[in-house]
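Reader: I would like a close look at one part of this model, with its setting in the chain. Please keep to what can be computed from the atoms.

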Amino acid sequence: MSAAAQAGSKDVDVTYEDQLKVNEFSRNNARLTELAQEIRARRSALETLTDAADEVEMAMEEGDVKLVVGESFVDVDEEF
């Protein structure tokens, strides 16, 4: 057996306080993972919105912009 396998086979006594700390770490680590995923999703959404805003600005420079209002398209100038 390797040293790592031998170390894994030993029973270790864990105090109540240590177990509470392990549980707190686990909860915090799970929350960190959730927040990291949320940050990635929001950055992706922000990038999408930024790209859309850039496209609208480029279309406004050309002067032919139409917005959808309800079921119809409305011509819009730069002052809108």
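Author: What follows describes the strand hairpin and its surface, and then the rest of the chain. The model is a predicted one. Two helices and two strands make up its secondary structure elements, and along the sequence they come in the order α-α-β-β.

The hairpin is built from β1, residues 65-69, and β2, residues 72-76. These strands pair in the antiparallel sense, over five bridges. Two residues stand between the strands of the hairpin, where Gly 70 has a positive phi near 70°.

Leu 67 belongs to β1, and its bridge partner in β2 is Val 74. Both residues also belong to a nonpolar surface patch, together with Val 69. The accessible area of the three residues together is about 220 Å². Leu 67 has a relative accessibility of 34%, so it counts as partly exposed. That value also satisfies the patch criterion, because patch residues need over 30% relative accessible area.

A charged patch can be set beside this nonpolar one. Glu 47, Asp 51, Asp 54, Glu 55, Glu 57 and Glu 61 form a negative patch on the surface. Of these residues, Glu 61 is located in helix α2, which covers residues 16-62. Glu 61 has a relative accessible area of 66% and is therefore exposed, the cut-off being over 50%.

For the chain as a whole, 4% of the 80 residues count as buried. The exposed area of the chain is about 7,600 Å², of which 54% comes from carbon and sulfur atoms.

Methods: Residues numbered from 1 in each chain as written. Predicted model: local features only at pLDDT ≥ 70, side-chain atom pairs only at ≥ 80, totals over all residues. Heavy atoms only, no water. Patch = residues over 30% accessible without salt bridge, like charges linked within 9 Å, V, L, I, M, F, W, Y side chains within 5 Å. Areas by Shrake-Rupley, 256 points an atom, 1.4 Å probe, with all protein chains shown as cover. Salt bridge = Lys/Arg side-chain N within 4 Å of Asp/Glu carboxyl O. Helix = DSSP H or I, 4+ residues; strand = E, 2+ residues; numbered from the N terminus. Buried < 20%, exposed > 50% of the residue type's maximum accessible area, 1.4 Å probe, protein only. Lys, Arg positive; Asp, Glu negative; His and termini not counted. Charge placed at Lys NZ, Arg CZ, Asp CG, Glu CD. Pairing = 2+ DSSP bridges.
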